Amino acid sequence: MTAGDARGGPDPPALLLDLYELTMGQSYFAEGIHERTATFSLFTRRLPEGWGYLVAAGLDDVLAYLEAFAFAEDELAFLERTGLFTPAFLAHLRELRFTGDVRAMPEGTLFFAHEPVLEVSGPILAAQLVETVVLNEVHFQSLVAGKAARSVDVAGGRMLVDFGLRRTHRAGAGMRAARSSWLAGFDSTSNVLAGKELGIPIAGTMAHSYVEAFEDELAAFRAFARAYPDRSILLVDTYDTEEGMRRAAIVARELAAAGHHLRGVRLDSGDLLGLSRAARAILDEAGSDAIVFASGGLDEHDVAGLLEAGAPIDGFGIGSKLGTASDSPFLDMAYKLVEFDGKPTLKLSATKATLPGAKQVWRRRQGERLAADLIGLAAEEGPAGGEPLLRPVMAGGRRTWQEPLGAARERCAAERALLPGRHRTLAAEPYTVELSAALVALRDRVSQELRRRHGLA
């Protein structure tokens, strides 16, 4: 299995891009400016409603893609058949590789609106052609990691398991969702391949089909307990949930008499608040400390509501709504040119104006808490005590940064612990992000120059 497979599929082919990147590239080439240096900045304009932060993820996939970037012969043959590109341009693409530099926030870093999470610098043709995949990888994985972190915020240390593989949008997304949720603080995943390839702990229970395959529910529970006498979590809602709990309690007593231990029961439907209370009472009466585990279309809002109501639930399986980020399925994330041929540039578009120049983000603390971030120019000196977040991760097309997934997970946990609680609720207050005086001055100067040049008021 290749490195790309370990991350959820082979490295994306060079042709996985939007057509306008190639047609712009043809024009850059025809005008003789394709080798001029450009810097692109990747950021999100706003956070989903109620979110206090996002979690940087996807960088490992981006760096692997950039290192492997090359057009295959069958891709070039397809482009030739479109009639859109000259032979000279196609010959140039045959030899094209990404030779630029990347600075980025390491995975697990918390970030906020307008902050560049990644900047790409290099010849404009290659830096433009990689836009789609770079944006796709960081967008999806940071979105899922952010949503997973919200579940961690409200779960209060209770077990969280990624159940999303079967409903994510294809297998590659399932691998990335498992990776992103574990990075954000989930305890495990049901995705066995993610366990093998990414080292994420795996966990699972049973399906209703297992129970249905036996003559009766108690027989099913006993059979599973024989196979896994200390690891069984019994799914109790196939027929009648409270009866299922009572039968699970019988198995708990039988296991205890044999020197073993029922791990838990799983609720997957119905009134989870009432049923979890009933489950706890039945298990307690049986003298069992088995956990009560809940699943069934849950997300962070459901977890928060159940726990606020006092549900005695010890763990949650969160799947479909996590792997698809169902309530906020996309971010307003963009990859924009901020410098070309040594000159800063920006957009003046209403509601979509950009900030010019290569940048840095500095994170400041007040005591043991994060206080505010400052976005400034990469070349300026940061504020006293400020931590620069964008680090060199690729030089000359070769990665200079690599770390275990566990390190990103630890970084995420550490930064979340430093973030004041008002930014980690489901209706979070905005975190303070400021612009440096030098960046504001550059933005104003470039804006004025562009307005004069284009005859704008």
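The paragraphs below lead through this predicted model, from its buried charges to its nonpolar cores, its helices and its loops.

Because the model is predicted, local features are reported where pLDDT is at least 70 and side-chain atom pairs count only at pLDDT 80 or more, whereas totals for chains, interfaces and linings use all residues. Residues are numbered from 1 along each chain as its sequence is written, and side-chain values use heavy atoms, with hydrogens and water left out.

A starting point is helix α7, which covers residues 131-155 and includes S151; helices here are DSSP runs of H or I with at least four residues, strands are runs of E with at least two, and both are numbered from the N terminus. S151 has a relative accessible area of 1% and is therefore buried, a label that means under 20% relative accessible area, with exposed meaning over 50% and partly exposed lying in between, for a 1.4 Å probe and protein chains only. Once neighbours within four places in sequence are set aside, the contacts of S151 are L160, F186, D299, E300 and I318, where contact means heavy atoms within 4.5 Å.

E300 also takes part in a salt bridge with R150, at 2.8 Å from N to O. This pair joins distant parts of the chain, since R150 belongs to helix α7 and E300 to helix α14 (residues 300-308), 150 residues apart. The term salt bridge requires a side-chain nitrogen of Lys or Arg within 4 Å of a carboxyl oxygen of Asp or Glu. Both partners are shielded: R150 counts as buried at 4% relative accessibility, and E300 is buried at 0%. The two residues also belong to a network of salt bridges that links K147, R150, D299, E300 and D327, and the whole structure holds 35 salt bridges.

Two further pairs show other arrangements. The side chains of K321 and D302 form a salt bridge whose closest N and O atoms are 3.7 Å apart; because K321 lies in helix α15 (residues 320-323) and D302 in helix α14, this pair ties together parts that are 19 residues apart in sequence. K321 is partly exposed at 28%, and D302 is partly exposed at 27%. The salt bridge between R280 and D284, at 3.0 Å from N to O, instead lies within helix α13 (residues 272-285), where the partners are four residues apart and so are separated by about one helical turn. Here R280 is buried at 17% relative accessible area, while D284 is partly exposed at 47%.

In soluble globular proteins, nonpolar side chains tend to be buried together. In this model the largest nonpolar core has 69 residues, of which V55, F221, L234, M245, V265 and F316 touch the most other members, and α7 gives the most to this core, with seven residues. A nonpolar core is a set of buried Ala, Val, Leu, Ile, Met, Phe, Trp, Tyr and Cys residues joined through side-chain atoms within 4.5 Å. Not counting residues up to four places away in sequence, M245 touches V236, L267, L275, A278, A279 and I282. Another core lies apart from the largest one and has 62 residues, including A14, L42, L331 and L450.

Helix α8 (residues 171-184) has 14 residues, and at 1.5 Å a residue its expected span of 20 Å agrees with the 20 Å between its end C-alpha atoms, the expected span being 1.5 Å times one less than the number of residues. Of these 14 residues 13 are buried, so α8 is largely enclosed by the rest of the structure. Just after α8, G185 takes a positive phi of about 125°.

Helix α11 (residues 217-227) packs against helix α12 (residues 241-257) at an angle of about 35°, with the axes 10 Å apart. Such axes are lines fitted to C-alpha atoms, for helices over the stretch in contact, and angles run from 0 to 180 degrees between N-to-C directions. Among the residues that make the contact are F221 of α11 and R247 of α12.

Most residues other than glycine have a negative phi. H114, in the loop between β4 (110-111) and β5 (118-123), has a positive phi near 75° and is partly exposed at 43%. T351, in the loop between β13 (343-344) and β14 (359-366), has a positive phi near 65° and counts as exposed at 70% relative accessibility.
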